[in-house]
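Student: Please give me a close look at one part of this model, the protein surface that faces the DNA. Begin with how the chains are arranged, and end with the metal site if it helps to place that surface.

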Protein chains: 2
Amino acid sequence: MDNKDFYTVRGYQIHKKNEKMLTPSMEDYMEMIYRVCRKNGYIRINVLAERLNVQAPSVSRVVEKLKARKLISYEKYGVVQLTDKGKQVGAFLLKRHKAVEAFLKFLGLQETLMDTEMIEHNISVETLKKLILFNRFIQSHPEVLTQYHEFLNKNQDRL
Amino acid sequence: MDNKDFYTVRGYQIHKKNEKMLTPSMEDYMEMIYRVCRKNGYIRINVLAERLNVQAPSVSRVVEKLKARKLISYEKYGVVQLTDKGKQVGAFLLKRHKAVEAFLKFLGLQETLMDTEMIEHNISVETLKKLILFNRFIQSHPEVLTQYHEFLNKNQDRL
DNA sequence: TACATATATTACCCATAGGTAACTTATTTG
DNA sequence: CAAATAAGTTACCTATGGGTAATATATGTA
Ligand SMILES: [Mn+2]
Ligand SMILES: [Mn+2]
Ligand SMILES: [Mn+2]
Ligand SMILES: [Mn+2]
């Protein structure tokens, strides 16, 4: 992709795909597999379907793709488990999720899940790094947090 | 959509659609139409195609949809213009774009276009409001900006 | 062990959002 | 004004990522 300015979602989605990255959907699957496997060691197709609010056939399909990318191990009618590579990816995705969530919490939002779920797939590694640094900055500067909350209280209505 | 936690992009994308919102792609079209029409009063199909790095037939299709939603006026082989409703939507989209961009700039990113283009479609109105408030907070508290930059300089490498 | 039930797969369907090729309409120019 | 060119539309293709219905396999229980 030529070094062009795109001004579109699609342009950059395609850009990402060429780099052999996971699609947003696959990222959600991996993140959830990681969440569950961390505790139970494995996850079954139907459980994954339920957790992702999706039907089993959709899971079957995606699981095949993730296996092809060596992120999980799976044999027909068996159990899904993470490979070492899969564990790394899952850990990254969960870390990213938490970074976005922490930032949204800081902003003052109560309900963060929906926005987190949407935003997490659409930030570059650079932005993620900065977001993590910013979260640390806030942690180490509680006075800024206080100032911001005061500012919010004064201004929350006028937009 | 039941008040369920989804943990997926798709769940929330579908949620949005039911509310008769624009798709990310349509938002990009509207934003670009607004950018150009603000200056020229109108835009042609081929120009829009070029600006969005997309082919003319794709534009024809989307323009039909936007017309059906009364966001633009268009007659075959004619010129695209914004309705009053379309101007409102366009103004909102541009404002949102700028809010996301300003925030990413604040974080310390040089290249913001790609992330802005991706993120802008995936933030709720609540998050946008908070983001705008946060941008204002930073503007009115330059000492925080300085502190953050110092923090960045000390920590930018260790992640 | 046989049957009922639970789990998973396969074969299809749908929508979105892009693409190309062929055709039509509009505009420019000799 | 006729021909050439530019602009736009139509018909049809692709891929992703969902869905359902029917089928296959595995598991639990009488
Ligand atoms: Mn997600
Ligand atoms: Mn997530
Ligand atoms: Mn965009
Ligand atoms: Mn934009």
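**The DNA-facing surface in its setting**

Tutor: In this predicted model, chain A is superposed on chain B by a rotation of 180° with 0.0 Å of shift along its axis, and the RMSD is 0.0 Å. The two copies are thus related as by a two-fold rotation axis. Both copies use the same surface, since 98% of the contact residues of chain A recur in chain B. Ile119(A) is the residue of chain A that comes closest to the rotation axis, with its C-alpha at 3.0 Å.

Now to DNA strand D. There are 23 residues around this strand, and the nearest of them are Thr23(A), Ser58(A) and Arg61(A) from chain A, with Ser60(B) and Lys76(B) from chain B. Of the atoms of DNA strand D that come within 4 Å of the protein, 78% belong to sugar and phosphate. Sorted by class, the surface near the strand consists of nine nonpolar, eight polar and six charged residues.

Three individual atom pairs at phosphate oxygens of DNA strand D can be described. For Ser25(A), a polar side-chain atom lies 2.8 Å from a phosphate oxygen. For Tyr74(B), an N or O atom in the side chain is 2.9 Å from a phosphate oxygen of the strand. Gln55(A) takes part through its backbone, where a polar atom is 3.1 Å from a phosphate oxygen. As for secondary structure, the elements that give two or more residues to the surface near DNA strand D are helix H2 (24–40) and helix H4 (56–68) of chain A, and helix H3 (45–52) and helix H4 (56–68) of chain B.

The metal site is in chain B. The manganese ion (ligand 3) is coordinated by Asp28(B) through OD, Glu117(B) through both O and OE, Glu120(B) through OE and His121(B) through NE2, at 1.9 to 2.8 Å. Along the chain, the donors follow the spacing D-x88-E-x2-E-H. Glu117(B) also bridges this ion and the manganese ion (ligand 4), and the two ions lie 3.8 Å apart. Distant parts of the chain are linked here: Asp28(B) is in helix H2 (residues 24–40) of chain B and Glu117(B) in helix H6 (residues 113–119) of chain B, 89 residues apart. Both Asp28(B) and Glu117(B) are buried.

Note on methods: Residues numbered from 1 in each chain as written. Chains lettered and ligands numbered in written order. Predicted model: local features only at pLDDT ≥ 70, side-chain atom pairs only at ≥ 80, totals over all residues. Heavy atoms only, no water. Least-squares fit on C-alpha atoms with pLDDT ≥ 70 in both. Contact = heavy atoms within 4.5 Å. Near = heavy atom within 4 Å. Polar contact = N/O pair within 3.5 Å; in protein donor to acceptor, adjacent residues only side chain to side chain. Helix = DSSP H or I, 4+ residues; strand = E, 2+ residues; numbered from the N terminus. Nonpolar A, V, L, I, M, F, W, Y, C, P; charged D, E, K, R; others polar. Donors = N, O, S within 2.8 Å, 3.2 Å for Na, K, Ca; no water. Buried < 20%, exposed > 50% of the residue type's maximum accessible area, 1.4 Å probe, protein only.
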